[in-house]
Number of protein chains: 2
Amino acid sequence: MSNYMAVVEYDGTCYSGFQIQLPDRRTIQGELEKGLSTVLRSLVKIGYSGRTDAGVHAVNQVINFRTEKDIDLYKFAWSVNSLIPEDIVIKSIKEVEESFSARRDAKFREYAYYVVNGSCQSVFLKKYSILITKKLDLNMMKKAAGIFVGTHNFRSFCGSTDDNSKNFVRKIFKFTISKSRDNLIVFSISANSFLYNMVRIIVGTILEVGSGERNLESVKRAVTYEDRILAGKTAPAKGLFLTRVVY
Amino acid sequence: MSNYMAVVEYDGTCYSGFQIQLPDRRTIQGELEKGLSTVLRSLVKIGYSGRTDAGVHAVNQVINFRTEKDIDLYKFAWSVNSLIPEDIVIKSIKEVEESFSARRDAKFREYAYYVVNGSCQSVFLKKYSILITKKLDLNMMKKAAGIFVGTHNFRSFCGSTDDNSKNFVRKIFKFTISKSRDNLIVFSISANSFLYNMVRIIVGTILEVGSGERNLESVKRAVTYEDRILAGKTAPAKGLFLTRVVY
């Protein structure tokens with residue numbers, strides 16, 4: 001039995017998220033397992049670094065799967081890519097130790113969130129960013145981001161379906177906000193792992209700071225008092241990308 | 001009567017080109033004139049720097065139109081953008097001299113063509129680049145590009161529907177080919193103006209040089225002997241962008 005790790009990219013626009021759900025929902029996992037199973041002529045189940053929500057994109061999602069078949073890696077990736085939908089691609093694949101798990105062995109995950117802060121949005125970014133026309137205060141948003149760095153209980157920043165999780169403590173290693181040409185603001189955040197909707201709620205909260213609807217004290221309160229009601233709106237899925245998983 | 005110049009961006013994937021044709025074809029011009037006419041409540045005809053073919057994109061197409069109505073520029077662009085399809089956007093608009101013509105006054109046009117040279121294509125680039133898996137010789141392609149720079153008769157590099165044009169002489173000011181991360185090769189070419197399909201036939205010819213199917217002598221012959229049969233294939237529309245028009 002050999003264990004393979006693959007790096008996968010996808011445009012999440014037309015999917016109900018990564019993880020397989022009801023049979024009538026299109027999911028990234030579903031399409032990948034179908035493609036892999038067809039080429040390997042046996043039922044393949046994949047492991048993955050973490051699920052992404054409906055509409056969220058990934059440039060470097062990591063999966064792993066086991067098979068007894070011998071694989072010519074280059075041809076194999078090519079075959080699977082020609083079977084799966086156009087908006088999913090296996091970028092690379094390699095054999096790894098039998099014990100490797102894409103989820104368990106991940107040291108940290110990195111996400112990016114894209115916000116266009118201007119009067120209009122590039123047609124090439126509409127599916128991959130949100131538009132905010134009101135001028136955002138970049139400095140205040142950077143200060144707000146600083147509040148999240150470190151180890152905290154992120155219960156206030158967790159979507160409802162994860163409410164039964166035992167442990168809401170996560171460690172954010174790095175959180176930067178930068179602005180580039182064309183009024184594009186990029187949030188880049190890495191943590192050991194993320195709760196359901198965590199990045200989107202954190203970004204939504206910081207955007208309220210940037211637009212002057214919320215002050216830094218209120219962000220600190222949301223972190224301290226562990227209640228979803230204290231945090232901001234959940235930012236839309238389409239601006240979010242899983243950018244990196246480090247092992 | 002006031003004259004306005006607007007910079008327009010579009011994803012050409014779903015359009016039969018820029019220029020209005022048969023009434024049942026979707027065109028960029030058709031959608032823009034419909035949107036402008038609706039907001040201005042009178043029939044608007046636009047001028048433009050040049051038409052782009054079916055499937056070709058633009059980040060900075062320039063148009064102009066005349067109207068007797070007073071315009072609040074910011075609100076006006078916002079109104080038109082909310083009426084026209086998602087894959088077209090007016091990026092900016094300003095009043096210009098009565099005599100300004102987007103076509104006649106353009107000093108030069110710049111196009112970019114995107115080629116992914118690797119084993120697979122990013123899902124985010126599939127609609128905006130072509131994939132060539134065979135390793136391309138970048139140095140040979142740069143040499144081939146050099147042959148085109150300057151003033152030449154480009155009859156060999158002109159699509160058939162323009163065969164009745166009187167004048168095939170054009171001046172290419174600059175032509176660079178560069179390679180970035182992710183195996184992305186970018187052709188960047190500027191000229192006083194371009195013939196029908198000219199960029200795509202030039203790129204197609206140079207790609208044949210890059211893959212070893214054609215030598216530099218054969219490119220020189222194609223430039224010298226003014227016959228379409230001597231040049232290479234027309235590269236697909238989807239890799240091509242109108243990037244800049246300078247006045």
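**Briefing: disulfides, symmetry and helix α1(B)**

Counting a disulfide as a pair of cysteine sulfur atoms within 2.5 Å, the total comes to zero over all chains. This is a predicted model, where local features need pLDDT of at least 70 and side-chain atom pairs count only at pLDDT 80 or more, while totals for chains, interfaces and linings use all residues. Residues are numbered from 1 along each chain as its sequence is written, chains are lettered from A in the order in which they are written, and side-chain values use heavy atoms, with hydrogens and water left out.

**Cysteines**
- The sulfur of Cys120(A) has its closest cysteine sulfur 20 Å away, in Cys14(B), which is too far for a bond.
- Cys120(B) is in no disulfide either, with the sulfur of Cys14(A) the nearest at 20 Å.

**Symmetry**
- A turn of 180° with a shift of 0.0 Å along the axis lays chain A on chain B at an RMSD of 0.0 Å (least squares on C-alpha atoms of residues with pLDDT of at least 70 in both).
- That makes the relation one of a two-fold axis.
- Phe124(A) has the chain A C-alpha nearest the axis, 4.7 Å from it.

**Helix α1(B)**
- This helix (a DSSP run of H or I, at least four residues) covers residues 28-40 of chain B and reaches 18 Å from first C-alpha to last.
- Among its buried residues (under 20% relative accessible area, 1.4 Å probe, protein chains only) are Ile28(B), Leu32(B), Leu36(B) and Leu40(B).
- At the N-terminal end, Thr27(B) is the cap, with a side-chain oxygen 3.0 Å from the backbone nitrogen of Gly30(B).
- Just after the helix, Arg41(B) takes a positive phi of about 50°.

Note on methods. Helices (H or I, at least four residues) and strands (E, at least two) are DSSP runs, numbered from the N terminus. The expected span of a helix is 1.5 Å times one less than its number of residues. Buried means under 20% relative accessible area, exposed over 50%, partly exposed in between (1.4 Å probe, protein chains only). A polar contact is a pair of N or O atoms within 3.5 Å; within protein, one must be able to donate a hydrogen and the other to accept it, and residues adjacent in sequence count only if both atoms are side-chain atoms.
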